[in-house]
Amino acid sequence: LTEPRNLNSGELEDIYNVRSDDFDEPQTLEVFYDDGRGGFLKELVFVDPVYANKRPRICVSIDGIQAMHTAISVLTRKT
């Protein structure tokens with residue numbers, strides 16, 4: 001890979017830098033639902049503010065999101 005400082009007189013920003021504006025803080029939403037055994041469960045879920053008003057929604061565990069990120073990073077390295 002070419003070092004960004006060697007391109008465009010050093011004015012090109014490194015695409016791998018983590019920036020503070022890469023992600024907005026997620027909104028929190030408290031959800032109550034029937035557990036199927038006569039009781040209720042309560043969970044705190046995080047809502048991406050970029051898509052907060054979009055419907056329908058899907059809840060995915062953090063483990064599922066991390067697995068997706070791993071799969072994407074593996075697939076993008078195999079080009």
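**Entry 1: fold**

I looked up the secondary structure first and found one helix and two strands in the chain. The model is a predicted one. Reading along the sequence, I noted the pattern β-β-α. I then checked burial: of the 79 residues in the chain, 5% are buried.

**Entry 2: salt bridges**

I searched the whole structure for salt bridges and got two.

One of them joins the side chains of Lys42 and Glu30, with an N to O distance of 3.5 Å. Glu30 belongs to strand 1 and Lys42 to strand 2, so this pair ties together parts that are twelve residues apart in sequence. I looked up the accessibility of both partners. Lys42 has 53% relative accessibility and counts as exposed, because the cut-off for that class is over 50%. Glu30, at 48%, counts as partly exposed.

I also listed the salt bridge between Asp35 and Arg37, where the closest N and O atoms are 3.7 Å apart. Asp35 is partly exposed, with a relative accessible area of 23%. Its partner Arg37 is at 72% relative accessibility and counts as exposed. As a general note to myself, side chains of opposite charge can pair when their charged atoms come close.

**Entry 3: the loop between strand 2 and helix 1**

I went through the peptide bonds and noted that the one from Arg55 to Pro56 is cis, its omega being near -5°. For context, most peptide bonds are trans. I placed Pro56 in the loop between strand 2 and helix 1.

Ile58 is also in the loop between strand 2 and helix 1. I asked myself whether Ile58 is buried or exposed. At 73% relative accessibility, Ile58 counts as exposed.

**Entry 4: nonpolar patch**

I followed Ile58 to a nonpolar surface patch, which Ile58 makes together with Val60, Ile65, Met68 and Ile72. I recorded an area of about 470 Å² for this patch. Helix 1 runs over 62–77, and the patch members include Ile65, Met68 and Ile72.

**Entry 5: largest pocket**

I looked up the largest pocket and wrote down a volume of about 1100 Å³. Its lining has 31 residues. Which of them lie nearest the centre of the pocket? I found Phe46, Val47, Asp48, Val60 and Ile65. The elements that give two or more residues to the lining are strand 1 (27–34), strand 2 (40–47) and helix 1 (62–77).

I then sorted the lining by residue class and got 20 nonpolar, three polar and eight charged residues.

I cross-checked the pocket against the patch of Entry 4. Val60 and Ile65 are among the residues nearest the pocket centre, and both also help to make the nonpolar patch.

Definitions and conventions
Residues are numbered from 1 along each chain as its sequence is written. This is a predicted model: local features need pLDDT of at least 70, side-chain atom pairs count only at pLDDT 80 or more; totals for chains, interfaces and linings use all residues. Side-chain values use heavy atoms; hydrogens and water are left out. On a 1 Å grid over the protein atoms alone, a cavity is a set of points where a 1.4 Å probe fits but cannot get out, and a pocket is an open set with protein on both sides within 12 Å along at least five of seven lines; lining residues have an atom within 4 Å of a point. Grid points are joined across faces, edges and corners, and a volume is the space filled by probe spheres set on the points. Helices (H or I, at least four residues) and strands (E, at least two) are DSSP runs, numbered from the N terminus. Ala, Val, Leu, Ile, Met, Phe, Trp, Tyr, Cys and Pro count as nonpolar, Asp, Glu, Lys and Arg as charged, and the others, Gly among them, as polar. Patches are made of residues with over 30% relative accessible area and no salt bridge: like charges are joined within 9 Å, nonpolar side chains (Val, Leu, Ile, Met, Phe, Trp, Tyr) within 5 Å. Accessible areas come from the Shrake-Rupley method with a 1.4 Å probe; for residues, only the protein chains shown count as cover. Buried means under 20% relative accessible area, exposed over 50%, partly exposed in between (1.4 Å probe, protein chains only).
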